[in-house]
Amino acid sequence: TRFNTADELTVTGDAQIDTTTLVVDSTNNRVGIGTSSPDHDLTLQANTNPIFEMVQVAGGPYKHQIAVGGNDLQLRASSGALIMYTGNADGASSTERMRLDSNGRVSIGGTTVTDVNMLNIQGSGASSNIGVVLNDTNTSKVYSIQNGGSQLRFFDYSASATRMLIDSSGNLQLGKTASGI
């Protein structure tokens, strides 16, 4: 059947185009592409490497994809950064939390990669600890490397003790939290 642009198509109940090309399951309010039995609100199914692609034409085209390669989930950005946000339910006022730039560098807690290091962890506030926690679940030993309060600190959570500290003047403290060695 052919329709002119002035025509309108209204379908009540299920709809199916070419067996599995596009299926609407009106009973469960689901849409299937490549399947006649969608399991979720939108199910995209293919025999090999299903890809969901979004294209921005203006200024581009810029292609971004979510793909499946075997057991791997692949997020692909054309030539820009892959950015993750969290925040409000409206999505529009969310805050950037992590960025993977086009050079493979990762920034956590900031909106830009600040130097050429492959991993940048950023934060603010003299009382906040910006660092990495190393947790050995086999031995219950938990250590961290922290940058907070103008100090670089190696902390042993298992013993609740600072093992090494470099203060804002560059003084090295081993096994102490006060100045002096």
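The protein chain has 16 strands and zero helices. This is a predicted model, and the average pLDDT of the protein chain is 82, with 88% of the residues scoring at least 70. Of its 181 residues, 17% count as buried. Contacts across the sequence are mostly a local affair here: among those with a separation of 6 or more, residues 24 or more positions apart account for 1%. Below is a friendly tour, topic by topic.

**Confidence and surface**

- Confidence peaks in strand E3 (residues 30-33), with a mean of 94, and is lowest in strand E12 (residues 130-136), where the mean is 81.
- The protein chain has an accessible surface of about 13100 Å², and carbon and sulfur atoms contribute 51% of that area.

**The five-strand sheet**

- Five strands make an open sheet in the order E12-E13-E14-E15-E16, and their pairing is antiparallel.
- E12 and strand E16 (172-174) sit at the edges; each has a single partner strand, so one side of each lacks a neighbour in the sheet.
- From one strand to the next, the twist averages 15°.
- At one end of that order, strand E15 (residues 161-166) pairs with E16 over three bridges in the antiparallel sense.
- Within this pairing, Ile166 has Leu172 of E16 as its bridge partner.

**The E2, E3 and E4 strands**

- Strand E2 (residues 22-25) is joined to E3 by three bridges, and the two run antiparallel.
- Asp25 stands opposite Arg30 of E3.
- E2 and E3 form a hairpin with four residues between them, and Asn29 in the turn has a positive phi of about 55°.
- E3 is also joined to strand E4 (residues 42-44), here by three bridges in a parallel arrangement.
- Across that parallel pairing, Gly32 stands opposite Thr43 of E4.

**The E5-E6 hairpin**

- Strand E5 (residues 51-56) pairs with strand E6 (residues 62-69) in the antiparallel sense, over six bridges.
- Gln56 faces Tyr62 of E6 as its opposite residue.
- Five residues lie between E5 and E6 in this hairpin, and Gly59 in the turn has a positive phi of about 75°.
- The loop between E5 and E6 also holds Pro61, which is joined to Gly60 by a cis peptide bond with omega of about 20°.
- Ile66 has its place in strand E6, and it counts as partly exposed because its relative accessibility is 36%.
- Ile66 and Phe52 are 14 residues apart along the chain, and their C-alpha atoms are separated by 5.2 Å.
- Not counting residues up to four places away in sequence, Ile66 touches Pro50, Ile51, Phe52, Leu73, Gln74 and Leu75.
- Gly69 also has its place in strand E6; its relative accessibility is 18%, so Gly69 counts as buried.
- Leaving aside neighbours within four places in sequence, Gly69 is in contact with Asn49 and Gln74.
- The C-alpha atoms of Gly69 and Asn49 are 5.3 Å apart, while the two residues are 20 residues apart in sequence.

**Backbone exceptions in loops**

- As background, most residues other than glycine have a negative phi, and most peptide bonds are trans.
- Asn49 is a residue other than glycine with a positive phi, near 45°.
- Asn49 lies in the loop between E4 and E5, and with a relative accessibility of 46% it counts as partly exposed.
- Thr19, which is not a glycine either, has a positive phi of about 60°.
- Thr19 lies in the loop between strand E1 (15-17) and E2, and its relative accessible area of 52% makes it exposed.

**An aromatic pair**

- One aromatic pair turns up in a search of the whole structure.
- It is formed by Phe155 and Tyr157, whose ring centres are 4.8 Å apart; their planes stand at 75°, over the 60 degrees used as the cut-off, so the pair is edge-to-face.
- Phe155 counts as buried, with 13% relative accessibility, whereas Tyr157 is partly exposed, with a relative accessible area of 38%.

Definitions and conventions: Residues are numbered from 1 along each chain as its sequence is written. This is a predicted model: local features need pLDDT of at least 70, side-chain atom pairs count only at pLDDT 80 or more; totals for chains, interfaces and linings use all residues. Side-chain values use heavy atoms; hydrogens and water are left out. pLDDT is the predictor's confidence in each residue, from 0 to 100. Buried means under 20% relative accessible area, exposed over 50%, partly exposed in between (1.4 Å probe, protein chains only). Contact means heavy atoms within 4.5 Å. Accessible areas come from the Shrake-Rupley method with a 1.4 Å probe; for residues, only the protein chains shown count as cover. Two strands pair if DSSP finds at least two bridges between them. Axes are lines fitted to C-alpha atoms, for helices over the stretch in contact, and angles run from 0 to 180 degrees between N-to-C directions. Rings of Phe, Tyr and Trp (its six-membered ring) pair if their centres lie within 6.5 Å; planes under 30 degrees apart count as stacked, over 60 as edge-to-face and the rest as tilted.
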